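Welcome! Please take a look at the sequence and the model below, and then read on for a guided walk through some of the details.

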Amino acid sequence: KGEFKKRKVEGERPVAVIPNMMSFANAEKEELLNRYKKIIEKLIKKHDVYLLRHSKEDIEGCQEIANHFGSNERLHLLLDDMNCFELEQVLEQFEFCVASRFHSIIHSYKNGTPCVVLGWAVKYKDLLEGFEQEKYLFDVRNNMDIDKILNAIDTMEENAAYEKEVIKRCLKKQQQS
């Protein structure tokens with residue numbers, strides 16, 4: 001207890017996928033599950049993908065998504081219980097995240113890691129606008145066009161370094177105010 005455990009993220013251009021069981025409750029579950037599968041199928045071609053749970057209730061979603069891929073060596077399940085400092089230490093190692101858990105997006109931005117976001121509440125829109133990242137937001141309550149999500153991932157892959165700088169600039173501006 002109280003011990004900080006450092007975790008090393010390994011692999012080629014690592015990215016995190018951080019589902020949120022609340023997003024499944026706010027969407028058509030099978031449809032959202034299929035979108036996650038398509039997202040990971042795309043990511044796994046260029047990246048080591050870490051399915052990461054931020055909250056205990058997200059373990060089920062991570063395992064359900066992972067089961068689709070069997071034992072692919074480029075898909076890593078990270079289901080450890082992490083405090084906020086350990087989580088931030090992990091998140092800063094990713095090129096970017098595909099995230100649905102609101103506080104994982106905040107922790108990512110705090111460490112300059114950009115995100116493609118699958119959200120459902122106004123707070124997601126407000127957060128992404130504050131970091132000039134709204135083009136990476138997709139509302140799970142609407143019929144999410146998987147092609148638009150995959151295009152946003154292409155854009156993020158090309159522009160992650162630039163988006164990191166935008167996030168750092170916006171963070172500095174927000175911290176000053």
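Before we start, one convention helps: Ala, Val, Leu, Ile, Met, Phe, Trp, Tyr, Cys and Pro count as nonpolar, Asp, Glu, Lys and Arg as charged, and the others, Gly among them, as polar. Please also keep in mind that this is a predicted model.

**A cavity and its lining**

With that convention in hand, we can turn to the empty space inside. The count comes to one cavity of 30 Å³ or more, and the volume of the largest cavity is about 30 Å³. Which residues line the largest cavity? They are Ala-27, Glu-28, Glu-31, Leu-32, Arg-35, Val-140, Asn-142 and Met-144. Sorted by kind, this lining has four nonpolar residues, one polar residue and three charged ones.

**A buried lysine**

Helix H2 covers residues 29-43, and Lys-37 is found in it. Lys-37 is buried but has no salt bridge. The nearest side chain of opposite charge belongs to Glu-30, 5.2 Å away. Since a salt bridge calls for a side-chain nitrogen of Lys or Arg within 4 Å of a carboxyl oxygen of Asp or Glu, that distance does not qualify. What does Lys-37 contact beyond its neighbours within four places in sequence? Its partners there are His-68 and Phe-69.

**Salt bridges**

Other charged residues do find partners. In total, the structure holds 19 salt bridges, and the table shows three of them.

| Residue | Partner | Closest N to O distance |
|---|---|---|
| Lys-46 | Glu-157 | 3.2 Å |
| Asp-81 | Arg-53 | 3.3 Å |
| Asp-139 | Arg-141 | 2.6 Å |

Let us begin with Lys-46 and Glu-157, which are joined by a salt bridge. Lys-46 sits in the loop between H2 and strand S2 (49-52) while Glu-157 is in helix H7, so this pair ties together parts that are 111 residues apart in sequence. Lys-46 is partly exposed, at a relative accessible area of 40%, whereas Glu-157 counts as buried at 9% relative accessibility.

Next come Asp-81 and Arg-53, whose side chains also meet in a salt bridge. Asp-81 belongs to the loop between strand S3 (75-78) and H4, and Arg-53 to the loop between S2 and helix H3 (59-67), so the pair ties together parts 28 residues apart in sequence. Arg-53 is buried, with a relative accessible area of 5%.

In the Asp-139 and Arg-141 pair, Asp-139 counts as partly exposed, at 23% relative accessibility. Salt bridges with shared partners also join Arg-7, Asp-80 and Glu-86 into one network.

**Around strand S5 and helix H5**

Asp-139 appears again among the contacts of Gly-119, a residue of strand S5 (residues 115-119). Is Gly-119 buried or exposed? It is buried, because its relative accessible area is 2% and buried means under 20%. Not counting residues up to four places away in sequence, Gly-119 touches Tyr-124, Leu-137, Phe-138, Asp-139 and Val-140. The C-alpha atoms of Gly-119 and Asn-26 are separated by 9.0 Å, although these residues are 93 residues apart along the chain.

Strand S5 is also one of the partners of helix H5. The buried residues of H5 (residues 102-110) are Phe-102, Ser-104, Ile-105, His-107, Ser-108 and Tyr-109. They pack against S1, helix H4 (84-91), strand S4 (97-99), S5, H6 and helix H7 (146-176). After H5 comes Gly-112, which has a positive phi near 75°.

Helix H7 is also the place of Asn-159, which counts as partly exposed at 27% relative accessibility. Asn-159 and Glu-73 are 86 residues apart along the chain, and their C-alpha atoms are separated by 26 Å.

**Two backbone angles to notice**

Most residues other than glycine have a negative phi. Which residues have a positive phi here without being glycine? Arg-13 is one of them, with a phi of about 40°, and Glu-132 is another, with a phi near 55°. Arg-13 is placed in the segment before strand S1 (15-18) and is partly exposed, with a relative accessible area of 33%. Glu-132 is in the loop between helix H6 (122-130) and strand S6 (137-139), and is partly exposed with a relative accessible area of 35%.

How values were computed: Residues are numbered from 1 along each chain as its sequence is written. This is a predicted model: local features need pLDDT of at least 70, side-chain atom pairs count only at pLDDT 80 or more; totals for chains, interfaces and linings use all residues. Side-chain values use heavy atoms; hydrogens and water are left out. Helices (H or I, at least four residues) and strands (E, at least two) are DSSP runs, numbered from the N terminus. Buried means under 20% relative accessible area, exposed over 50%, partly exposed in between (1.4 Å probe, protein chains only). Lys and Arg count as positive and Asp and Glu as negative; His and the chain ends are not counted. Contact means heavy atoms within 4.5 Å. On a 1 Å grid over the protein atoms alone, a cavity is a set of points where a 1.4 Å probe fits but cannot get out, and a pocket is an open set with protein on both sides within 12 Å along at least five of seven lines; lining residues have an atom within 4 Å of a point. Grid points are joined across faces, edges and corners, and a volume is the space filled by probe spheres set on the points.
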